[in-house]
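I set out to record the nonpolar cores, one helix pair and one loop residue. The entries follow the order in which I looked them up.

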Amino acid sequence: MPITTLSIPTPDGPADAFAAFPDRGGRQRHPGVLMYPDGFGIRPVLREMALELAGHGYYVLVPNLFYRHGPAPVIDLPGYIGEEARPAVFARLMPLIEAHTTERVLSDAEAYLTFLTTRPEVGAGPVAVTGYCIGGLLAMRTAAAHPGRVAAAASFHGPVAAGGPAGLRRLLSTLTARVHIGHAASDITPEALGELERALDAAGAGHTCEIYPGTVHGFTMADTDAFDPAGLQRHWDRLLPLLRRTLTGGRGRD
């Protein structure tokens, strides 16, 4: 399957990105998926995950969240992000995350969705959004801001519930996408999970929310010390059926 390097026009300049999609001679269009990286950004493990998803029949667009600060990789990353490397990495990463305001998130989401839905390889109809860590929160914000364009949203070890009940109600009030949220066991209490499910119920959004047993924040990322193979597999076991139901009418490949 090919990976293509892309440049997405935005009001603040071009955002570098890549796309992975099935190699079928350009004769077939595929459902579109916008995949938001975690805070560490675009790197080999994200390319591997995008290729895995593309292998199930999707066009997967992965943008550089922090393009305003330069092309990916915006900061130098070790090949393996372990406990010793984390302090130095986060010291450089947190200013970028703090500068990524809600206004920027929503402006970028509009640009990313417009680009994705006008690609010649992407079929007509709604798309899905998925994300990891901060990207999981961005996926939910994107889906809520574009209820007519996003049919499914998934967040994995994302800080979706960090704003408390009032923040959840604001975030989810316009949501129409079908949702799956997979939390790390270290990230959320059962009480906070209950608040999140009540907010989703109030929004009328079809959803599944669960705590993935024995996981810590970042469990999907194989290049970190948070990686949990069972958690990653559980993520695929939830994400693929969600996309199949919402984007292909049950005809896709799990």
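My notes on method come before the entries.

**Method.** I worked from a predicted model, in which local features need pLDDT of at least 70 and side-chain atom pairs count only at pLDDT 80 or more, while totals for chains, interfaces and linings use all residues. Residues are numbered from 1 along each chain as its sequence is written, and side-chain values use heavy atoms, with hydrogens and water left out.

**Cores.** I looked up the largest nonpolar core (buried Ala, Val, Leu, Ile, Met, Phe, Trp, Tyr and Cys residues joined through side-chain atoms within 4.5 Å; buried means under 20% relative accessible area, with a 1.4 Å probe and protein chains only). This core has 55 residues, and Tyr36, Leu61, Met140, Leu172 and Leu175 have the most contacts inside it. Its largest share, 7 residues, comes from helix α4 (residues 134-145), helices being DSSP runs of H or I with at least four residues and strands runs of E with at least two. A second, separate core of 31 residues includes Tyr212 and Leu232.

**Helix pair.** I found α1 (residues 44-54) and α7 (residues 229-247) packed at an angle of about 40°, with axes 12 Å apart. Met49, Glu52 and Leu53 in α1 meet Leu232, His235, Trp236, Leu240 and Leu243 in α7 (contact: heavy atoms within 4.5 Å).

**Loop residue.** I located Thr215 in the loop between β8 (207-212) and α7. Thr215 counts as buried because its relative accessibility is 2%. Leaving out residues up to four places away in sequence, I noted that Thr215 touches His183, Ala184, Ala185, Ser186, Asp228 and Gly231.

Conventions: Buried < 20%, exposed > 50% of the residue type's maximum accessible area, 1.4 Å probe, protein only. Axes fitted to C-alpha atoms, helices over the stretch in contact; angles between N-to-C directions.
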